[in-house]
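Colleague: Please take a close look at helix packing in this structure for me, with the contacts and side chains that go with it. I would be glad of one connected account rather than a list.

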Amino acid sequence: MEPERISLNEIKIDPLAQELVKSEQSRPYTDYWMKAFSNDAAGTEAALEVLRDLPFEKRYTWRVFSALKWGLADFDDECVKLDLPYIPETTRAKMLKELRIRFLQLEMLLKAFTE
């Protein structure tokens, strides 16, 4: 995918993503970033302590891996091929765009784990 320049006004946030960002599980992460961006060293350190002590099931990484597990556990490309002829072209185009974005996100996740 080629990067394209867009204004901040054009950025649309997925409602589910917005809900997740505001969730209780995301609070330790948003607290950390708020402290880090405001150059609050003591607050950043305290936020890192909270993150350090989170159980695995409360971590952002668990949420991502859990979603991948449930979303792809029974993945079968042959079933996708059976569905595609019956999905309208406009919907397929939107799905393809979304799939490309998810692929980039998965590449970033893999890179984070292998750096």
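Modeller: Happily; I will go through two helix pairs and then the side chains around them.

A word on the ground rules first. This is a predicted model, in which local features need pLDDT of at least 70 and side-chain atom pairs count only at pLDDT 80 or more, while totals for chains, interfaces and linings use all residues. Residues are numbered from 1 along each chain as its sequence is written, and side-chain values use heavy atoms, with hydrogens and water left out.

Let us begin with helices α2 and α3. Helix here means a DSSP run of H or I with at least four residues (strands are E runs of at least two), numbered from the N terminus. In general, two packed helices are described by the angle between their axes and the distance between the axes. Here α2 and α3 have axes 8 Å apart and pack at an angle of about 160°. An axis is a line fitted to C-alpha atoms, for helices over the stretch in contact, and the angle runs from 0 to 180 degrees between N-to-C directions. The two helices are therefore roughly antiparallel to each other; that label is for angles over 145 degrees, with under 35 called roughly parallel, 65 to 115 roughly perpendicular and the rest oblique. As for handedness, α2 passes α3 in a left-handed crossing. Left-handed says that the near helix is turned anticlockwise from the far one by less than a right angle, and right-handed is the clockwise case.

Which residues of α2 and α3 meet? From α2 come Pro28, Tyr29, Asp31, Tyr32, Lys35 and Ala36, and from α3 come Gly43, Thr44, Ala47, Leu48, Val50 and Leu51. Contact means heavy atoms within 4.5 Å. The residues of this contact divide into eight nonpolar, two polar and two charged. In that scheme Ala, Val, Leu, Ile, Met, Phe, Trp, Tyr, Cys and Pro are nonpolar, Asp, Glu, Lys and Arg are charged, and the others, Gly among them, are polar.

Thr44 is a good residue to zoom in on. Its place is in helix α3, residues 41-52, and Thr44 touches Tyr32, Lys35 and Ala36 when residues up to four places away in sequence are not counted. With a relative accessible area of 14%, Thr44 is buried; buried is under 20%, exposed over 50% and partly exposed in between, with a 1.4 Å probe and protein chains only.

The loop between α2 (27-37) and α3 holds Asn39. Asn39 has a phi near 55°, a positive value in a residue other than glycine, and at 71% relative accessibility Asn39 counts as exposed.

Now for the other pair, helix α4 (residues 60-72) and helix α6 (residues 89-114). Their axes come within 13 Å and cross at roughly 130°. α4 and α6 are therefore oblique to each other, and their crossing is left-handed. On the α4 side the contact involves Thr61, Val64, Phe65 and Leu68, which meet Leu106, Leu109 and Phe113 in α6. By type, the residues of the contact of α4 with α6 are six nonpolar, one polar and no charged.

Phe113, which lies in α6, deserves its own look. Leaving aside neighbours within four places in sequence, Phe113 is in contact with Thr61 and Phe65. Even so, Phe113 counts as exposed, at 54% relative accessibility.

Let me finish with the charged side chains. The structure holds six salt bridges, a salt bridge being a side-chain nitrogen of Lys or Arg within 4 Å of a carboxyl oxygen of Asp or Glu. One of them joins Arg27 and Glu24 at 3.0 Å, N to O; Arg27 is partly exposed at 40% relative accessible area, whereas Glu24 is exposed at 55%.

Helix α5 offers a small network of salt bridges that links Asp77, Glu78 and Lys81. Asp77 and Lys81 meet at 3.7 Å, N to O, and Glu78 and Lys81 at 3.3 Å, N to O. Asp77 and Lys81 are four residues apart in α5 (residues 77-83), so about one helical turn separates them. Glu78 and Lys81 are three residues apart in α5, so they too are separated by about one helical turn. Each member of the network is partly exposed: Asp77 at 37%, Glu78 at 44% and Lys81 at 47%.
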